[in-house]
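Hi,

Here is the model we talked about, with the sequence alongside. Please open it up and keep it on screen while you read my notes below.

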Amino acid sequence: MPSLKEVKTKIQGVKKTSQITKAMNMVAAAKLRGAQEKMEAFRPYTRKFNEAMSNLSGGATTDQFPLMEKRDVKTVELVVVTSDRGLCGSYNANIVRLALKMIKEYEAAGKKVSVVCVGKKGFQAFNKTGKVRKKFVDIMGTFQMFNAREVASDVADNFLKGNSDKVEVIYGEFKSVAVQAPTFSHFLPVQPVEVVGTETAKKISGDYIYEPSTEEIMDVLQPLYLNVLIYQAMLEVGASEHAARMTAMDNATNACKDIVANLTIVYNKARQASVTNELMDIVGGAEALK
Amino acid sequence: MAQQIRLEVVTPKGAVVSEDVDIVNAPGYGGDFGVLANHAPFLSTIKIGTLTYEQGRKRETLMVSGGFCEVSNNKITFLVESAEFGSEIDVDRAMRAKERAEKRLAQAAQHDEQFNRVRAEAALKRAMARIKTAKNI
């Protein structure tokens, strides 16, 4: 039986912890709202962008543009987008696990793999593998577009130099507040966006007036498109990080409550035992005096 | 009433304008262009500059930074990195930004830093577009 004092300190400690986790839960909830708003504000932009891209690529052929060039895949680059901070359950671990699985698959197929880490947690996980080509850390908190631009242009440059033949982005998709799943999407070479509509959509696209020329527009659009993809991934990761932390901290708070309840029982038992012991001592003493 | 065209300005931070307007003037890649109702399908890149549109007697100016615009089905959509109404621009701040950018530009020229030069140039262009837009109301 642990001593009364020990149990009491333990209970207090766990209560303090639960205060912290509860506060973190609320902070995450507030931040989640902000991140989610940003994500939703960005959605119309992405949608329009995809529309325009699909209109354009209806008329363009794939080999015309260096960013669309399909090469024999020798080196694959994975852009792993994770959060900068931990304490959000298995969220980052899941992304890293998916990335590791993909690395294994590519390497089994005899391809070289390099990794670009966006977010500190991913870098910490991949630092030892020696595959990290570049890292972008401590940029997840701000959600600035130029951060995404930096990443996108770096990755695109590397692709254009021929150091990578295929690029994929791995990130945590925000499905709902309760569900975040690690997922990957194709990044480079740029694939022509599928025209969603039917024949009519294709017909319209042919009649566009382009200023300056299709090629020049594509030259501007494609890097932008990559920015959009990366930014989208960063936003999703940001939102799902907070959602994951919210759930994790909620679980932690509940676990704290359970522990406190159990410890309280232990404490009460111990106290009762000591009371009984004392009583027995007194009774024994009184009995001896008779 | 004359026919109108739907104008939408969308930035990564959300839609800025979504209105039916009479005419739109925009800074295109090869120079400014105007778009009226029932324009043919059209796609152009947009430079940093001033976008104006008129709606009856109302005339609005917007500072836009690079992106592109698409016209189809009597609708004109601008996808730009940022858009600010002329009336909301802080001119003092833009002035300061301009001076800063000029200073950086001079520095970059001295040390021959290509990357910084490009960035300073873009900042300068944005600052100047802001000032111009704000004064144009």
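A word on terms before anything else: the domain bounds I use come from an automatic or database domain assignment. On that basis chain B is split into domain 1 (5-86) and domain 2 (90-135). Taken over C-alpha atoms, the centres of domain 1 and domain 2 of chain B are separated by 24 Å. Seven residues from domain 1 of chain B and seven residues from domain 2 of chain B make the contact. On the domain 1 side, strand S6 (49-55) and strand S7 (58-64) of chain B each supply at least two residues. By character, the residues on that side of domain 1 of chain B are two nonpolar, five polar and no charged.

Please bear in mind that this is a predicted model. Its scores are ipTM 0.71 and pTM 0.79. Chain B has a mean pLDDT of 84, with 98% of its residues at 70 or more. Among the elements of chain B, strand S3 (residues 23-28) has the highest mean pLDDT, at 90, and helix H2 (residues 114-135) of chain B the lowest, at 80.

Now to how the two chains meet. The contact involves 20 residues from chain A and 21 residues from chain B. On the chain A side, helix H1 (4-59), strand S6 (209-211) and helix H6 of chain A are the elements that give two or more residues. H1(A) gives the most, with eight residues. What is the make-up of this side of chain A: how many nonpolar, polar and charged residues? The residues divide into 17 nonpolar, no polar and three charged.

There is also a strand pairing across the chains, which I think you will enjoy. S6(A) pairs with strand S5 (residues 42-46) of chain B in the parallel sense, over three bridges. Within this pairing, A:Ile209 stands opposite B:Phe42, and A:Glu211 stands opposite B:Ser44. S5(B) has another partner, strand S8 (residues 67-72) of chain B, and those two pair in the antiparallel sense over five bridges. There, B:Thr45 stands opposite B:Phe68 in S8(B). S5(B) is mostly covered, with four of its five residues buried.

Next, the interior. The largest nonpolar core holds 93 residues, and A:Val79, A:Val80, A:Val81 and A:Met234 are those with the most contacts inside it. Helix H6 (residues 214-289) of chain A contributes the most to this core, with 19 residues. Chain B takes part as well: at least three residues come from each of its domain 1 (5-86) and domain 2 (90-135). As a general point, nonpolar side chains in soluble globular proteins tend to be buried together.

For a look inside, you could begin at A:Val80. Leaving aside neighbours within four places in sequence, A:Val80 is in contact with A:Ile95, A:Ala99, A:Val115, A:Cys117, A:Val118, A:Gly122, A:Phe126 and A:Ile170. From there, go to A:Ala99, which is found in helix H2 (residues 91-108) of chain A. Is A:Ala99 buried or exposed? A:Ala99 is buried, because 27 other C-beta atoms lie within 10 Å, and 20 or more are enough to count as buried. With the same neighbours in sequence left aside, A:Ala99 is in contact with A:Leu78, A:Val80 and A:Ile170. The C-alpha atoms of A:Ala99 and A:Ser185 are separated by 12 Å, while the two residues are 86 apart along the chain.

Finally, two backbone spots to check. Most residues other than glycine have a negative phi. A:Leu87, however, has a positive phi, near 55 degrees. A:Leu87 sits in the loop between strand S1 (75-81) and H2 of chain A, and counts as partly exposed because it has 15 C-beta neighbours inside 10 Å. In chain B, B:Asn73 is not a glycine either, and its phi is positive at about 50 degrees. B:Asn73 lies in the loop between S8 and strand S9 (75-80) of chain B. With 10 C-beta neighbours inside 10 Å, B:Asn73 counts as exposed.

Happy to talk any of this through whenever suits you.

Best wishes

Terms used: Residues are numbered from 1 along each chain as its sequence is written. Chains are lettered from A and ligands numbered from 1 in the order in which they are written. A nonpolar core is a set of buried Ala, Val, Leu, Ile, Met, Phe, Trp, Tyr and Cys residues joined through C-beta atoms within 7 Å. A residue is buried if 20 or more other C-beta atoms lie within 10 Å of its own, exposed if 12 or fewer, and partly exposed in between; C-beta atoms are placed from the backbone. Two residues are in contact if their C-beta atoms, placed from the backbone, lie within 7 Å. Ala, Val, Leu, Ile, Met, Phe, Trp, Tyr, Cys and Pro count as nonpolar, Asp, Glu, Lys and Arg as charged, and the others, Gly among them, as polar. Two strands pair if DSSP finds at least two bridges between them. pLDDT is the predictor's confidence in each residue, from 0 to 100.
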